[in-house]
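Reader: I have a fold open on my screen and plenty of "why is it called that" questions. Could you walk me through the reasoning behind the labels?

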Amino acid sequence: MRRLRLGNSALNKVLLLYLTLSFSGDLVWSITVNTPAELHASKGDTVTLSCTFSSTSPPTSKMSVDWAYRPQTGGPPHTFFHFSSRVFPPSEGQFSGRIKWKGSPARGDSSIALINATLNDNGTYTCTVRNPPDVHGAPTSHSVLTVTPKAPSIRFSDVTLLLAFILLPSALLTFFLIGRVLCPKKQRSKSKSLRSPIEVTEGEEFPAITSGGTPTKATCCELCFMDPDEEEEYYYNLKQRRSVEEEQAESKC
């Protein structure tokens, strides 16, 4: 009988130990906090430091959130943000005026936003959530933030210089070449091109007069793309034709 009692006592102890370990295991893993392992941003950006949590107990007014920062150069972390029923933003230090609460405890969100990120903000950010009685388990998670200089962008002045010194001259040259193709200049003989406009031989006084007696006038396109020598010769011949026409009109009278 005594042995039976001793056996029952030992069995009760084993059951008690099992129940204790089971309940303690539930307490240890009662809350879990998650953050992204790495975050990347450019200088001047607004960075969302994401932090979510899951708890076996619904969030109450006793729930609290703490954000800590440890510089990239090392050193101990220091808490710069606290939430407990209301927001307690940093009032001094490098994060003063640059932290915005974006969390929603009812949805398991305890995120914050870092405004106007700088290169000095590089480092490790730690999110800690406590929701009594669920204060054990994994209430802490870390994120490493890397802020890099912003890539240079093309300014309006750069675009203006590009248009002024490259594109505009190219467009003018293209227009000139197209005009030369559409309005080809008249071919002149080698012997005529070597003579002065005033050296006119017999039978060549009216080279630009058609069979009908009407002088041939150059078009605007031809005048635009005419060489200086051709232009001088054209106006000289035109002047000579006008003089001859006036003399002929006087002789008829």
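**From labels to reasons**

Author: Gladly. This is a predicted model, and a good place to start is an open sheet of three antiparallel strands in the order β3-β9-β8.

Reader: What makes β3 and β8 edge strands?

Author: β3 (47-49) and β8 (99-101) each have a single partner strand, so one side of each is left without a neighbour in the sheet. From one strand to the next, the twist averages 30°.

Reader: How do you know that β8 and β9 are paired?

Author: Pairing needs at least two bridges between the strands. Three bridges join β8 to β9 (residues 112-114), so the pair qualifies. The two strands run antiparallel, and one of the bridges can be found by looking at Lys100, whose partner in β9 is Ala113.

Reader: Which strand does β2 pair with, and is the pairing parallel or antiparallel?

Author: β2 is joined to β12 (residues 140-148) by five bridges, and these strands run parallel. With a cut-off of at least two bridges, they therefore count as paired. Leu39 has Leu145 as its bridge partner in β12.

Reader: Which residues of β2 are on its covered face, and which on its uncovered face?

Author: Leu39 and Ala41 make up the covered face, while Glu38, His40 and Ser42 make up the uncovered one. As background, side chains in a regular strand alternate between the two faces of the sheet.

Reader: Why is the link between Cys51 and Cys127 called a disulfide?

Author: The cut-off is a pair of cysteine sulfur atoms within 2.5 Å. The sulfur atoms of Cys51 and Cys127 are 2.1 Å apart, so the pair meets the rule. By this rule the count comes to one disulfide.

Reader: What makes this disulfide left-handed or right-handed?

Author: The torsion about the S-S bond of Cys51 and Cys127 is about -80°, so the disulfide is left-handed.

Reader: Where in the chain are the two cysteines?

Author: They link distant parts of the chain, 76 residues apart. Cys51 is in the loop between β3 and β4 (52-55), and Cys127 is in strand β10 (residues 123-130).

Reader: How do you know whether Cys51 and Cys127 are buried or exposed?

Author: Buried means under 20% relative accessible area. Cys51 has 0%, so it is buried. Cys127 is also at 0% relative accessibility, so Cys127 counts as buried too.

Reader: And Thr35, is it buried or exposed?

Author: Thr35 lies in the loop between β1 (31-34) and β2 (38-42). Its relative accessibility is 16%, under the 20% limit, so Thr35 counts as buried. Leaving aside neighbours within four places in sequence, Thr35 is in contact with Ser50, Cys51, Cys127, Ser141, His142 and Ser143.

Reader: Which side chains make polar contacts with the side chain of Thr35, and what makes them count?

Author: They are those of Ser141, at 2.7 Å, and Ser143, at 3.2 Å. The distance limit for a polar contact is 3.5 Å, so both values fall within it.

Reader: Which residues have the most contacts inside the largest nonpolar core?

Author: They are Val65, Trp67, Phe80, Phe81, Ile112, Tyr125 and Val129, in a core of 26 residues. Not counting residues up to four places away in sequence, Phe81 touches Val65, Asp66, Trp67, Val87, Phe88, Pro89, Pro90, Ile99, Trp101 and Ile112.

Reader: Why is Ser85 called exposed, and Asn116 partly exposed?

Author: Exposed means over 50%, and partly exposed covers the range between 20% and that limit. Ser85 is at 54%, so Ser85 counts as exposed. Asn116 is at 42%, so Asn116 counts as partly exposed. Ser85 lies in the loop between β6 (78-84) and β7 (86-88), and Asn116 in the loop between β9 and β10.

Reader: What is the phi of each of these residues?

Author: Phi is near 70° for Ser85, a positive value in a residue other than glycine. Asn116 is not a glycine either, and its phi is also positive, about 55°.

Reader: Where is the cis peptide bond?

Author: That bond runs from Pro132 to Pro133, with omega near 5°. Pro133 is found in the loop between β10 and β11 (137-138).

Conventions. Residues are numbered from 1 along each chain as its sequence is written. This is a predicted model: local features need pLDDT of at least 70, side-chain atom pairs count only at pLDDT 80 or more; totals for chains, interfaces and linings use all residues. Side-chain values use heavy atoms; hydrogens and water are left out. Helices (H or I, at least four residues) and strands (E, at least two) are DSSP runs, numbered from the N terminus. Axes are lines fitted to C-alpha atoms, for helices over the stretch in contact, and angles run from 0 to 180 degrees between N-to-C directions. A nonpolar core is a set of buried Ala, Val, Leu, Ile, Met, Phe, Trp, Tyr and Cys residues joined through side-chain atoms within 4.5 Å. Buried means under 20% relative accessible area, exposed over 50%, partly exposed in between (1.4 Å probe, protein chains only). Contact means heavy atoms within 4.5 Å. A polar contact is a pair of N or O atoms within 3.5 Å; within protein, one must be able to donate a hydrogen and the other to accept it, and residues adjacent in sequence count only if both atoms are side-chain atoms.
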